[in-house]
Amino acid sequence: MNYRDFLQRVIYVIINPIIQVMVKVGITPNMVTTIGFVGNLAATSLFVVAALMVRSGDMAQAMEMVGWGGATILFAGLFDMMDGRLARVSGKSSVFGALWDSTLDRYSEMVSLFGVSVVFLYCDWFWMGIATYAAILGSVMVSYVRARAEGLGIECKVGLLQRPERVVITALAAIASGATGNLWWLAGGMLVIAVLANLTACWRIAHCHKVLNAGKKQ
């Protein structure tokens, strides 16, 4: 059992009582997915507010908002884990639900990282704004390559940085910046995602190339 499977089992033990309550009150997986997206929109709003506070000269308050943005991302991430579990437990899995989940996951990640890039740009940290954009590109491409590969019948889960890891890194880096008043924590998180997400996308492309070539030789 790898570490992701172990963590997933631990998380399921924690959230299963909540899932049972959701089933009883009639909350659907699509509702949970949407709530998670709204949470990420709220996190983005906090980052934008932080950027405006930087421009007004209130750096301490801005860093506090960055921290709250990270905490909001972490909270919204719980809903990302609960929607799939709820779908399986309630028997309400659907093709559209899978599409809705994947679509809002991409939107959630892009809007939250957009908020982070705004913070860097308002702090006159131009190159970190560019690095955050690279993190957005890598994050999208990791998911795209997997989806395209699965459309070709190739299982493609290789790589170092899937979405749960990216969410945790973004959230914890923002929280650390808010707690310390030091934006370098968030910068470090974005650099890690920018490098490892794009590396993961390239890794997946190489994996697909290998699998397709092996198929031709058979």
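This is a short talk on the cores, one helix pair and the salt bridges of this structure. Keep in mind that the model is predicted.

Let's start with the nonpolar core. The largest one has 31 residues. Which residues have the most contacts inside it? They are F47, V66, F120, L186 and M190. Six helices each give two or more residues to this core: α2 (29-56), α3 (59-90), α4 (95-122), α5 (126-151), α6 (163-180) and α7 (184-217). The top contributor is α7, with 7 residues.

Look at F120 for a moment. Leaving aside residues up to four places away in sequence, F120 touches W125, M128, G129 and T132. F120 also touches L183, L186, A187 and M190. Two of those names, L186 and M190, were on the list of residues with the most contacts in the core.

There is a second core, separate from that one. This one has 8 residues, including I15, F79, M82 and L86.

Next, a helix pair. How do α2 and α4 pack? Their angle is about 5°, and their axes are 8 Å apart. An angle under 35 degrees counts as roughly parallel, so α2 is roughly parallel to α4. What sits in that contact? We get 17 nonpolar residues, 10 polar and 2 charged.

Now the charges. Side chains of opposite charge can pair when their charged atoms come close. The structure holds 5 salt bridges. I'll take three of them, with R163 up front.

R163 meets D105 at 3.6 Å, N to O. R163 is in helix α6 and D105 in helix α4, 58 residues apart. Are these two buried or exposed? The cut-off for buried is under 20% relative accessible area. R163 has 11%, so R163 is buried. D105 has 12%, so D105 is buried too.

R163 also pairs with E109, at 3.7 Å, N to O. Again we go from α6 to α4, so this salt bridge ties together parts that are 54 residues apart in sequence. Both R163 and E109 are buried.

E109 has another partner, R166, at 2.5 Å, N to O. E109 lies in α4 and R166 in α6, so that pair ties together parts 57 residues apart in sequence. E109 and R166 are both buried.

Put these together. Which residues make up the network of salt bridges? D80, D105, E109, R163 and R166 are linked in it.

That's the tour. Happy to go back to any of it.

Terms used:
Residues numbered from 1 in each chain as written. Predicted model: local features only at pLDDT ≥ 70, side-chain atom pairs only at ≥ 80, totals over all residues. Heavy atoms only, no water. Core = buried A, V, L, I, M, F, W, Y, C linked by side-chain atoms within 4.5 Å. Buried < 20%, exposed > 50% of the residue type's maximum accessible area, 1.4 Å probe, protein only. Helix = DSSP H or I, 4+ residues; strand = E, 2+ residues; numbered from the N terminus. Contact = heavy atoms within 4.5 Å. Axes fitted to C-alpha atoms, helices over the stretch in contact; angles between N-to-C directions. Parallel < 35°, antiparallel > 145°, perpendicular 65-115°, else oblique. Nonpolar A, V, L, I, M, F, W, Y, C, P; charged D, E, K, R; others polar. Salt bridge = Lys/Arg side-chain N within 4 Å of Asp/Glu carboxyl O.
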